[in-house]
Amino acid sequence: MKDVLVVDDELGMRLAMEASFRRDGWRVRSASGKNEALAVFRSAPCPLVVTDMRMGDGTGLEVIRGVRALRPETAIIVLTAFGSVSDAVTAMKCGAVDYLIKPVAFDQLIAAAGRAAGTSQALAPSKTLAPDAPVVGSGSLRAVFERARQVAGSDADILIEAESGTGKEVLARFIHACGPRASAPFVAVNCAAFPEHLLESELFGHVRGAFTGATGTRPGKFELAHTGTLLLDEIGELPLNLQPKLLRVLQEREVDRLGDSQPVKVNVRVVATTNRSLRALIQEGTFRQDLYYRLNVVPLVLPPLREHADDIPDLVAHFAAKHSRPGTGIRFAADLLQRMKEYSWPGNIRELENFVRRGIALSSGPLVGLEVLEGIDFPETARDANALEAGLTLREVEKQLVERTLEATGGNRTRAAAMLGVSLRTVRNKIREYGLPPRGREVGCEFVR
Ligand SMILES: Nc1ncnc2c1ncn2[C@@H]1O[C@H](COP(=O)(O)OP(=O)(O)OP(=O)(O)O)[C@@H](O)[C@H]1O
Ligand SMILES: [Mg+2]
């Protein structure tokens, strides 16, 4: 008889899980929280425990620790809310063998349970482990990931415009992983990393003798990504000469290898990224408008970290788990997190990740505190940003204030008016007066800098 203990503080969820396990022939016991779970487990241990992460009287992590202290060979599956992937990563580091994201599909739960029970002796994580799953956060970051998930199922080409280090590649991989091409290749080309003649061959391939040094036939990245996803990183750096060729490939879905007269059919979904505004490049004459429109079928804009500072604790927990040895329980102190929220992070999430790694290295114990800031000019930047206001005219400050308020409200003028303490009409007039963009920076609308 297969035995399982299910732990969840939501009665409905508990009953649903019990019913699904019973239907599949399991003997089920359940508990409504951490304390009850550990008591039940102590009185009669079982080989598999399924636990929720956030419960009234404790966390899934405490369940994992308690259970594993009693019986290290027990297999544990955690259930996490969509958006708390850092929880899942931490749980896996603490010894969970698998995790499922709520809302849970019960047939998936039963399948995962079957796998976990079969491997309950082996503590190796199961294949569904995804330690690199991104933190989707809340608010503006989450909105982008949700939209990405919606469009992942289609074949529409995607353009991600965002500052450096905001997670463009992470988002591109997420789209690939969420869609029907997930088991096909994900291939990336950085358009800024090659001189023009090499980039052309890198993208489209060449045949023997196409140019001096082409000693054999080599497929390009488009062909290598066949049936999968091709990430064209830093598309704004694509030389003008190659832009019509790329446009042709996107339209015809066939590539011409250099030196070959026979086009090759490819089935590829393209995700392009840029940290420069392509519209500005069009103005400068270095990017073709027709290519821009062809690529920009689905625009996604990742917010800079300073605009979603509330996600910093989740991101820090994720990186702390990623960059420390399992079981060390590294945490960042609340006052340090607060200082981190105030900093402007010009290097965005990449800079944050490096900061977390440094913090772990500098810290002597599991609690990383303010002392790691010693000797680096860290949160001063936020204050410097305010200091900038001195020396500006009142008009300039007013323009910035209206602009930032509109950004903060996602372009909602009524809310902006309320925040500014003026009428809607005044906000409209200011927008016109200062030539501000008609809508704020919102997911799905044009990239406005
Ligand atoms: N949502 C996220 N969850 C977890 N890690 C993230 C997330 N976003 C970014 N990172 C991490 O931050 C770093 C930078 O991310 P990524 O390389 O995707 O940024 P980018 O926008 O492509 O940067 P660049 O413009 O410099 O190429 C990576 O180490 C990545 O793992
Ligand atoms: Mg990148």
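**Exercise 1. Find where D24 sits, and decide whether it is buried, exposed or partly exposed.**

*Solution.* Step 1: Look along this predicted model for the stretch between helix α1 (11-23) and strand β2; D24 is in that loop.
Step 2: Count the C-beta atoms around it. D24 has 17 C-beta neighbours inside 10 Å. A residue is buried with 20 or more such neighbours and exposed with 12 or fewer, so D24 counts as partly exposed.
Step 3: Look for a residue that is distant in sequence. D24 and D107 are 83 residues apart in sequence, while their C-alpha atoms are 9.6 Å apart in space.

**Exercise 2. Work out the strand order of the sheet that contains β2, and say which strands stand at its edges.**

*Solution.* Step 1: Follow the pairings across the sheet. Five strands line up as β2-β1-β3-β6-β7, forming an open sheet with parallel pairing.
Step 2: Pick out the edges. β2 (26-31) and β7 (98-102) each have a single partner strand, so one side of each has no neighbour in the sheet.
Step 3: Check the twist. Ignoring direction, neighbouring strands here are turned by 20 degrees against each other on average.
Step 4: Zoom in on one pair. Strand β1 (residues 2-7) runs parallel to β2, and six bridges join them. Within this pair, V4 stands opposite V28 of β2.
Step 5: Add the helices. Helix α3 (residues 60-70) packs on the sheet and touches β1, β3 (48-52) and β6 (75-81), with its direction at about 160 degrees to that of β3. Helix α4 (residues 85-94) also packs on the sheet, touching β6 and β7, and its direction makes about 165 degrees with that of β6.

A reminder that helps with sheets: strands pair through backbone hydrogen bonds, either parallel or antiparallel.

**Exercise 3. Do the same for the open sheet that contains β8, and find the partners of I160.**

*Solution.* Step 1: Write down the order. Here the five strands run β9-β12-β15-β8-β16, with parallel pairing.
Step 2: Find the edges. β9 and β16 each have a single partner strand, so one side of each is left without a neighbour in the sheet. From one strand to the next, the twist averages 20 degrees.
Step 3: Look at both sides of β8. Four bridges join β8 to β15 (residues 269-274), running parallel; four bridges also join β8 to β16 (residues 298-301), again parallel.
Step 4: Name the partners. I160 has T273 as its bridge partner in β15, and I160 stands opposite L300 in β16. Helix α6 packs on this sheet, touching β8 and β16, and its direction makes about 155 degrees with that of β16.
Step 5: Check the side chains. In β8 (residues 158-161), I158 and I160 point one way, L159 and E161 point the other way, and all are buried. I158 stands opposite V298 in β16.

**Exercise 4. List the buried residues of helix α8 and find what covers them.**

*Solution.* Step 1: Go through α8 (residues 196-204). The buried residues are L199, E200, S201, L203 and F204.
Step 2: Look around them. Their cover includes β9 (186-190), β10 (205-206), α9 (221-224) and β13 (254-255).
Step 3: Look just past the end of the helix, where G205 takes a positive phi of about 85 degrees.

**Exercise 5. Describe the surroundings of ligand 1: how many residues form the shell, and which are closest?**

*Solution.* Step 1: Count the shell. Ligand 1 is surrounded by 15 residues, the closest being P134, S164, G167, K168 and E169.
Step 2: Assign them to elements. The ones giving two or more residues to this shell are α7 (168-178) and α15 (348-362).
Step 3: Sort by character. The shell holds five nonpolar, six polar and four charged residues.
Step 4: Assign them to domains. Domain 2 (139-301) and domain 3 (305-385) each supply at least three residues.

**Exercise 6. Place S138, then step back to the protein chain.**

*Solution.* Step 1: S138 is in the loop between α5 (106-118) and α6 (139-152).
Step 2: S138 has 14 other C-beta atoms within 10 Å, so S138 is partly exposed.
Step 3: S138 and D314 are 176 residues apart along the chain, yet their C-alpha atoms are separated by 9.6 Å.
Step 4: Now zoom out. The protein chain has 19 helices and 18 strands, and buried residues make up 35% of its 449 residues. Among contacts between residues at least 6 apart in sequence, 70% join residues at least 24 apart.

Notes
Residues numbered from 1 in each chain as written. Chains lettered and ligands numbered in written order. Predicted model: local features only at pLDDT ≥ 70, side-chain atom pairs only at ≥ 80, totals over all residues. Pairing = 2+ DSSP bridges. Axes fitted to C-alpha atoms, helices over the stretch in contact; angles between N-to-C directions. Contact = placed C-beta atoms within 7 Å. Near = placed C-beta within 6 Å. Nonpolar A, V, L, I, M, F, W, Y, C, P; charged D, E, K, R; others polar. Domains from an automatic or database assignment.
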